[in-house]
Amino acid sequence: MPEFFMGANFMRVTGRVRLRDNRPISDEEFRRAVGICSAIRRLVDSRADYIAEKRLDPEIALPGNNWDPNADQPFQNRYRHIVEGNYDVLNRLRLYAQFSSFDLVTQSIVTRGREVPKIPDDFDERFEHRFPGPDHWIERYRMITRFVPVDIRARFPKVLGEIGWEMEGHPVNHDVYAYQERVNLMYEAGLIDELRRRIRARGVVNILEIGGGYGGLAHALTGLLHGAVNYTICDLPESLLSSAIYLGVTHPKLRHVLYEGNDPSSLATSEQWMGFRYIPNAFFDDFCELDEGVDLAINTLSFPEMAQAQVRYYGDRLKRLIGDGGALFEQNEDGRWMGMLDCKSILAESFPCKRRISPKTIPVVSKGEADVWSNQPLDTILASRTLPFEGLPVRMQLSLWRLSCLMTTPSLGLIWLRQMLQRQLSPGLFAMIKRLWNRLGGRMRA
Ligand SMILES: C[S@@+](CC[C@H](N)C(=O)[O-])C[C@H]1O[C@@H](n2cnc3c(N)ncnc32)[C@H](O)[C@@H]1O
């Protein structure tokens, strides 16, 4: 196989991962996925009645802002396609379950329209013809895995339509890059080491993710923590459809509970319980009432897309759930330039402490800025005082390396420039410059 990029310490691309390299899901896995489709359909169909009966605030319990069923984005139609429960669709779930805005089928950022991909029988051949070599995400993945320890590399399996380029036997694509980036940031902040320390002490850690997409980050963290997680995902039922199917197939040995809102006690777990709980957002208060401590809460690239009242609601609940010993990892951009939220200013109403994570192992973060929010200073929450990459020589070495990446990869330099402008300019001015740039034929890659 050709070596596409140079660099002695980089991971090597050893080939493609095509649809035909994926293992097909078994009859049993298909049967379970169809069961999830039926349960989710019931949840979505009864949502309005449930909200009225329990007198919940529709502004919080219904999908809002970018997730409103009438918003101009592909999510609703893709959900409808998946929930039909067709084998060929479920078996290639990753081609339809698109949450990062990156469409695996067209290898492009898709944020508008209602398109659902069509997968012809000769998909692999057409794809190879259209995309003959790795894209810049593969190169960026090689960069960000260069300095982190091997046991910080997340591995994704060849199943459910995960296509891309193969490195060390696993597929890599835009989404794999994106979740690795989040893992790097958590590692640099000392969170992964802290979770591992708590697992050694207690056997399991409690993680709560708000808006988990198809479960990519949940899968990555569960792998790095060897399954010792009590992992709860709170999301719109339409999205839990994808995460419950994806994680059910990729973590068959762990337990999986999809909460349908009938009996809050069914959500309770023992101290050593390991697995996933999927909580529809309208039932989140049932979970909160269990009053379980949360070691790590997570929200990435979601709060700005929600309604203001929803972010405020989550900020208030998460503050109580993490208590004095937990933290919230959050990576989001200021979305005001595209009519969405600056969620950080809302979260600041709930959390007294914030620690910005300035990436050392990532030349340019793909989107947003990462912060760890907590009720007590982060230093008092982490048992170890030593964070990865702390010494001056290593920090200087990594700064030089990041600078050299920007200078030798012009597309990264442009992304850096775009992010700098976004931080410095008012949202209105930035939106104007971006429109102008697009009109001139420019392309903003991240
Ligand atoms: C852009 S996706 C991001 C997915 C994933 N966190 C990532 O970083 O790739 C936004 C996620 O937020 C979820 N979401 C939207 N509104 C929500 C709400 N009110 N409560 C919980 N999750 C919500 C969506 O369903 C989706 O899973």
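**Figure 1. The shell around the ligand mixes nonpolar, polar and charged residues.** Nine nonpolar, eight polar and four charged residues make up the shell around the ligand. Please keep in mind, as you look through these views, that the model is predicted. Of the 21 residues around the ligand, the nearest are Tyr 179, Arg 182, Asp 235, Ser 239 and Tyr 314. Two helices and two strands, helix H8 (174–188), helix H13 (308–322), strand E6 (205–210) and strand E7 (229–235), each bring at least two residues to this shell.

**Figure 2. Polar side chains meet the ligand inside the largest cavity.** The largest cavity is where you will find the ligand. Arg 182 places a polar side-chain atom 2.6 Å from an oxygen atom of the ligand, and Tyr 179 has a polar side-chain atom 2.7 Å from a ligand oxygen atom. For Gln 310, the partner is a nitrogen atom of the ligand, 3.4 Å from a polar atom of the side chain. How much of the ligand does the protein bury? Taken alone, the ligand exposes 590 Å², and the protein buries 98% of that.

**Figure 3. Helix H7 (residues 136–144) is largely enclosed by the rest of the structure.** Here is a helix to look at residue by residue. Because eight of its nine residues are buried, helix H7 counts as largely enclosed. The buried residues of H7 are His 136, Trp 137, Ile 138, Arg 140, Tyr 141, Arg 142, Met 143 and Ile 144. Two arginines, Arg 140 and Arg 142, are thus found in the buried list alongside residues such as Ile 138 and Met 143.

**Figure 4. Thr 222 reaches back to the backbone of Ala 218.** Thr 222 belongs to helix H10 (residues 216–224). Its side chain comes to 2.6 Å from the backbone oxygen of Ala 218. An α-helix has 3.6 residues a turn, so residues three or four places apart point the same way. Is Thr 222 buried or exposed? Thr 222 is buried, because its relative accessibility is 1%, and the cut-off for buried is under 20%.

**Figure 5. Two loop residues other than glycine have positive phi values.** Arg 55 has a phi near 55°, and Leu 160 has one of about 60°. Where do these residues lie? Arg 55 is in the loop between helix H1 (27–53) and helix H2 (58–61), while Leu 160 is in the loop between H7 and strand E4 (164–167). Their surroundings make a nice contrast: Arg 55 is exposed, with a relative accessible area of 77%, whereas Leu 160 is buried, at 0%. Arg 55 counts as exposed because its 77% is over the 50% cut-off.

**Figure 6. Two residue pairs are separated both in sequence and in space.** This last view takes in a wider stretch of the model. Val 176 lies in helix H8 and is buried, with a relative accessibility of 1%. From Val 176 to Leu 429 there are 253 residues in sequence and 32 Å in space, C-alpha to C-alpha. Glu 29, for its part, is found in helix H1. Glu 29 counts as buried at 11% relative accessibility. Between Glu 29 and Pro 388 the separation is 359 residues in sequence and 40 Å from C-alpha to C-alpha.

How values were computed
Residues are numbered from 1 along each chain as its sequence is written. This is a predicted model: local features need pLDDT of at least 70, side-chain atom pairs count only at pLDDT 80 or more; totals for chains, interfaces and linings use all residues. Side-chain values use heavy atoms; hydrogens and water are left out. A residue is near a molecule or strand if one of its heavy atoms lies within 4 Å of it. A polar contact is a pair of N or O atoms within 3.5 Å; within protein, one must be able to donate a hydrogen and the other to accept it, and residues adjacent in sequence count only if both atoms are side-chain atoms. Accessible areas come from the Shrake-Rupley method with a 1.4 Å probe; for residues, only the protein chains shown count as cover. On a 1 Å grid over the protein atoms alone, a cavity is a set of points where a 1.4 Å probe fits but cannot get out, and a pocket is an open set with protein on both sides within 12 Å along at least five of seven lines; lining residues have an atom within 4 Å of a point. A molecule sits in a cavity or pocket if more than half of its atoms lie within 2 Å of its grid points. Helices (H or I, at least four residues) and strands (E, at least two) are DSSP runs, numbered from the N terminus. Ala, Val, Leu, Ile, Met, Phe, Trp, Tyr, Cys and Pro count as nonpolar, Asp, Glu, Lys and Arg as charged, and the others, Gly among them, as polar. Buried means under 20% relative accessible area, exposed over 50%, partly exposed in between (1.4 Å probe, protein chains only).
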